[in-house]
Amino acid sequence: VTGVQTCALPIFIVDGANQGVISNYTFNNVVSNHSITAYYSINSYAITVTQTSNGTISPGTTSVNYGGNQAFTISPNTGYHVDSVVVDGTNQGAVSSYTFNNVSSNHAITAYYSINSYTITVTQTSNGTISPGTTSVNYGGSQAFSVTPSTGYHVDSVFVNGVYVGNNANFTVSNITGNRTVTVKLAINTYAITVIQGAHGL
């Protein structure tokens, strides 16, 4: 008795005695009746999951019976996105899920993640310069800005995402978790001319 491709080696029961997992059995010098039975189990294959930093593949490493299917979900951590998913050495792209169908061998899956990057859009107004200009910052990062007014002008107000945040020439946009906008309003300097009136006239 032999097994088939979809099954592991059978367990042989000969004359009521378990012979263990073997590929064949021979009766030698037969002088009486005998009985033999083989029991088969379906093959099971490993899908090995390599977990990398900044995300999770669910479920982890698991076993799938011959001909079965297994779906995986790829979940990046907050502030990260899926960069690539590699299945059996082949890049499947930046997918959020992957399914092994009709499994007939061992497989492997790994996901790689990249940190999100956000744009701080700087609107340059007349009579001064904001440095740096429009720039990109990674999730959770900060960006310092410096305002240089033209001669005769000063910083009147600074707005981040349309919200007034003060009138400092140097300021920092902190804990970036999305795109931001920066606008600065500059105002012309004004000066007092003090007149001292003397006696006996205007």
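In this dialogue a trainee and a mentor read a predicted protein model together.

Trainee: Where should I start with a predicted model, and what average pLDDT does the protein have?

Mentor: Start with the confidence score, which is given for each residue. Here the protein averages a pLDDT of 93, and 95% of the residues score at least 70. Take care at residues 1–5, where pLDDT stays under 50. The model has 9 contacts beyond four places in sequence for that stretch.

Trainee: Thanks! Next, how many helices and how many strands does the protein have?

Mentor: There are 0 helices and 19 strands, so be guided by the strand numbers, which count from the N terminus.

Trainee: What can I say about the overall form? What radius of gyration does the protein have?

Mentor: A good habit is to set the value beside that of a compact globule. For 202 residues such a globule would have a radius of gyration near 17 Å, but this protein has 37 Å. The spans fit into the picture too: along its principal axes the C-alpha trace covers about 150 × 25 × 20 Å.

Trainee: And what share of the residues counts as buried?

Mentor: Of the 202 residues, 26% count as buried. The accessible surface comes to about 12,200 Å², and 49% of that belongs to carbon and sulfur atoms. You can also look at contacts between residues at least 6 apart in sequence: 49% of them join residues at least 24 apart.

Trainee: Now the sheets, please. In what order do the strands of the open sheet with 3 strands come?

Mentor: The order is β5-β7-β10, with antiparallel pairing. Its edge strands are β5 (55–58) and β10 (97–100), each pairing on one side only. On average, neighbouring strands of this sheet are turned by 15° against each other, direction ignored.

Trainee: How many bridges join β7 to β10?

Mentor: Strand β7, residues 70–76, is joined to β10 by 4 bridges. For a pair to find on screen, look at Ala-71, which stands opposite Thr-99 in β10.

Trainee: Which strands make up the open sheet of 5 strands?

Mentor: That sheet runs β14-β12-β19-β16-β17, and its pairing is mixed.

Trainee: Why is one side of β14 and of β17 left without a neighbour in the sheet?

Mentor: Both stand at the edges and have a single partner strand each, so one side of each has no neighbour in the sheet. In this sheet the average turn between neighbouring strands is 30°, direction ignored.

Trainee: Let me zoom in on β16. Which strands is β16 joined to by bridges?

Mentor: Strand β16 (residues 153–160) is linked to β19 (residues 180–188) by 7 bridges, and the two run antiparallel. Tyr-153 has Ile-188 as its bridge partner in β19. With β17 (residues 163–166), β16 shares 3 bridges, again antiparallel. There Val-160 has Val-163 as its bridge partner, and Phe-159 stands opposite Tyr-164.

Trainee: What should I know about side chains along a strand?

Mentor: In a regular strand the side chains alternate between the two faces of the sheet.

Trainee: I have heard that backbone angles can be unusual. What is the general rule?

Mentor: Most residues other than glycine have a negative phi, and most peptide bonds are trans. Now for the cases to check here. In the hairpin of β16 and β17, with 2 residues between the strands, Asn-161 takes a positive phi near 55°. Asp-88, in the loop between β8 (80–87) and β9 (90–91), has a positive phi near 50°. Asn-102, in the loop between β10 and β11, has a positive phi of about 50°.

Trainee: Are Asp-88 and Asn-102 buried, partly exposed or exposed?

Mentor: Asp-88 counts as partly exposed because its relative accessibility is 43%. Asn-102 has a relative accessible area of 54%, so Asn-102 is exposed.

Trainee: Where are the cis peptide bonds that join Ser-58 and Ser-131 to a proline?

Mentor: One joins Ser-58 and Pro-59, with omega about -10°; Pro-59 is in the loop between β5 and β6 (62–65). Another joins Ser-131 and Pro-132, with omega about -10°. Pro-132 lies in the loop between β13 (128–131) and β14 (135–138).

Trainee: One last residue: why does Thr-110 count as buried?

Mentor: Buried means under 20% relative accessible area. Thr-110 has 13% relative accessibility, so Thr-110 counts as buried. Thr-110 sits in strand β11 (residues 107–115). Leaving out residues up to four places away in sequence, Thr-110 touches Thr-50, Thr-52, Ile-57, Ser-84, Val-85 and Val-86.

Terms used
Residues are numbered from 1 along each chain as its sequence is written. This is a predicted model: local features need pLDDT of at least 70, side-chain atom pairs count only at pLDDT 80 or more; totals for chains, interfaces and linings use all residues. Side-chain values use heavy atoms; hydrogens and water are left out. Two strands pair if DSSP finds at least two bridges between them. Axes are lines fitted to C-alpha atoms, for helices over the stretch in contact, and angles run from 0 to 180 degrees between N-to-C directions. The radius of gyration is taken over C-alpha atoms; the globule rule is 2.2 Å times the number of residues to the power 0.38. Buried means under 20% relative accessible area, exposed over 50%, partly exposed in between (1.4 Å probe, protein chains only). Contact means heavy atoms within 4.5 Å. Accessible areas come from the Shrake-Rupley method with a 1.4 Å probe; for residues, only the protein chains shown count as cover. pLDDT is the predictor's confidence in each residue, from 0 to 100.
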